[in-house]
Amino acid sequence: MSESYPFRFGGVVSTVIFRGELPRIGEILQREGQDFIVICDEHTEFLARRLASPSFEPFSPLVLPSGEENKNWEAVERILREAARRGLGRDGLFIGIGGGIITDLSAFAASIYMRGAGLVLIPTTLLAMVDAAIGGKTGFDLGGLKNFAGSFYPASAVFIVPETLEGLPEREWKSGMAELIKTAVLDWDPSALDKLEELDKLEEIEGQSGPALFKSSRLKEALAGAVRIKGALVEADPKETGTKRALLNLGHSFGHALESAAGLGKLTHGEAVAWGMARSCELGLELGFTPAERARKITGLLERGGYEIRVPHPAAPDKERFMEALSGDKKKRGGLLRFVVPGKKGAELVEYDSRVQSYLEVTFG
Ligand SMILES: NC(=O)c1ccc[n+]([C@@H]2O[C@H](COP(=O)([O-])OP(=O)(O)OC[C@H]3O[C@@H](n4cnc5c(N)ncnc54)[C@H](O)[C@@H]3O)[C@@H](O)[C@H]2O)c1
């Protein structure tokens with residue numbers, strides 16, 4: 001099985017490739033003849049080692065510690081120093097294999113190594129497949145601020161290998177599913193949401209659940225749909241200077257504020273985004289952008305997925321703290337608080353105004 005989705009990022013072409021086996025990818029990469037460094041964490045080292053087919057020269061991956069608290073400059077420096085120690089030139093290749101933390105760190109390090117080395121990413125969480133590894137955003141956390149430093153540096157190739165999801169912890173799976181739901185909402189084709197409902201039914205009928213669904217062709221279809229949507233929005237607005245890429249923030253203004261109010265690391269990104277999407281549906285209904293039927297469908301999917309969508313969220317019961325975090329998010333965005341809400345099709349960008357304010361007052365007052 002191999003399908004490719006190329007998209008343009010400015011003058012660069014980044015190709016997302018669906019492929020079946022890691023050893024085959026190892027062979028392909030080795031055939032390029034470049035020096036390389038493979039970067040992973042302790043949970044993805046076993047996958048990194050699978051890249052070594054019998055014909056692939058032996059290598060030892062650089063294993064970084066997992067966790068958001070380790071997404072820092074020290075990790076970037078370790079990658080840079082290790083690449084230098086191994087004698088990689090500017091034509092060397094950085095291969096990041098892991099979740100969004102590893103793909104963000106590897107991509108950032110590649111972007112500054114000798115002013116830009118080669119980059120290939122192999123995302124191994126659903127979230128990284130759908131979101132983090134695609135679209136060229138890289139970065140690390142600094143001084144407690146998430147993704148404070150970073151660059152735009154798309155990988156020349158992103159290999160999506162569904163079998164890597166086999167042992168993904170259930171909670172990480174759910175985190176990625178929330179982003180998959182978000183991307184389906186952004187799709188102008190309304191059947192994208194129906195396909196996710198079918199995935200739900202598959203869980204009920206076949207007793208398959210969570211990561212075990214990696215074998216399902218429906219999941220591959222949903223993943224391919226998400227890649228196509230993200231690729232199209234990034235291609236239209238690579239550095240988020242316009243209004244297209246911002247649509248990917250559906251559920252994120254509310255979600256980021258919830259993450260901060262709960263304390264960083266308490267909730268997964270997807271749990272926060274799911275809760276944020278439920279708020280976006282309410283706001284969209286209130287403003288007349290979101291048809292009631294569509295809002296019901298989206299919140300139904302979230303409820304069946306087992307996400308907490310009540311107000312207040314039990315992890316952040318203090319509404320005042322939530323509102324403070326929401327205005328903190330506004331500062332980060334240059335004083336502009338914008339929300340993305342589901343539309344009749346796809347989604348709409350909504351500027352802050354008195355109607356938004358009254359929704360916030362009623363809901364969080
Ligand atoms: N660059 C972007 O556009 C973008 C977009 C969204 C999120 N992100 C970033 O992505 C990060 C979150 O990514 P994530 O949710 O993938 O988290 P993560 O990278 O922390 O991975 C989650 C956990 O799963 C483990 N893991 C990864 N793959 C596994 C596998 N196949 N089997 C078993 N365990 C596995 C990891 O070691 C980790 O413990 C955040 O830092 C966020 O800022 C970036």
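G20 sits in the loop that links β2 to α1 (22-31). This is a predicted model, and G20 is a convenient place to enter it. The residue is exposed, because 12 other C-beta atoms lie within 10 Å and a count of 12 or fewer puts a residue in that class. Across from G20 comes T164. The two are 144 residues apart along the chain, yet their C-alpha atoms are separated by 9.5 Å.

Step back to the whole chain. It holds 13 helices and 11 strands. Its radius of gyration is 20 Å, close to the 21 Å that the globule rule gives for 365 residues, so the chain is as compact as a globular protein of that length. Along the principal axes, the C-alpha atoms fill a box of roughly 60 × 45 × 35 Å. Of the 365 residues, 46% count as buried. Contacts reach across the sequence: among those with a separation of 6 or more, 71% join residues 24 or more positions apart.

The chain is divided in two. Domain 1 covers 2-165, and domain 2 covers 171-364. Their centres, taken over C-alpha atoms, are separated by 26 Å. Where they touch, 23 residues of domain 1 are in contact with 27 residues of domain 2. Which elements build the domain 1 side? β1 (2-9), β2 (12-19) and α5 (126-132) each supply at least two residues of the side that touches domain 2. By class, that side of domain 1 has 14 nonpolar, 4 polar and 5 charged residues.

Now look inside, at strand β3. Is this strand buried or exposed? 6 of the 6 residues of β3 (residues 36-41) are buried, so the strand is largely enclosed by the rest of the structure. In a regular strand, side chains alternate between the two faces of the sheet. Here both faces are covered. F36, V38 and C40 are buried on one side, and I37, I39 and D41 are buried on the other.

β3 has named strand partners. With β5 (residues 93-98), β3 pairs in the parallel sense over 4 bridges. One contact to find in this pairing is F36, whose bridge partner in β5 is L93. With β4 (residues 62-64), β3 also pairs in the parallel sense, over 3 bridges. Here D41 of β3 has L64 of β4 as its bridge partner.

The ligand comes next. 29 residues surround the ligand, and the closest are H43, G99, G100, T125 and A132. Which domains contribute to this shell? The shell draws at least three residues from each of domain 1 (2-165) and domain 2 (171-364). By element, α4 (100-112), α5, β8 (145-149) and α6 (170-186) each supply at least two of its residues. α5 thus appears twice in this account: it gives residues to the ligand shell and to the side of domain 1 that touches domain 2. By class, the shell divides into 7 nonpolar, 14 polar and 8 charged residues.

β8 deserves a second look. 2 bridges join β8 to strand β7 (residues 140-142), and the two strands run antiparallel. L142 has L145 of β8 as its bridge partner. The hairpin of β7 and β8 has 2 residues between the strands, and G143 in this hairpin takes a positive phi near 55 degrees. Further on, N147 lies in strand β8 itself. N147 has a positive phi of about 50 degrees although it is not a glycine. It counts as partly exposed, because it has 14 C-beta neighbours inside 10 Å.

Two other backbone details remain. What is the sign of phi at R115? Phi of R115 is positive, near 65 degrees, in a residue other than glycine. R115 is found in the loop between α4 and β6 (118-123). With 7 C-beta neighbours inside 10 Å, R115 counts as exposed. The last stop is P312, in the loop between α11 (292-304) and α12 (319-332). The peptide bond from V311 to P312 is cis, with omega near -5 degrees.

Methods:
Residues are numbered from 1 along each chain as its sequence is written. This is a predicted model: local features need pLDDT of at least 70, side-chain atom pairs count only at pLDDT 80 or more; totals for chains, interfaces and linings use all residues. A residue is buried if 20 or more other C-beta atoms lie within 10 Å of its own, exposed if 12 or fewer, and partly exposed in between; C-beta atoms are placed from the backbone. Two strands pair if DSSP finds at least two bridges between them. Domain bounds come from an automatic or database domain assignment. Two residues are in contact if their C-beta atoms, placed from the backbone, lie within 7 Å. Ala, Val, Leu, Ile, Met, Phe, Trp, Tyr, Cys and Pro count as nonpolar, Asp, Glu, Lys and Arg as charged, and the others, Gly among them, as polar. The radius of gyration is taken over C-alpha atoms; the globule rule is 2.2 Å times the number of residues to the power 0.38. A residue is near a molecule or strand if its C-beta atom, placed from the backbone, lies within 6 Å of it.
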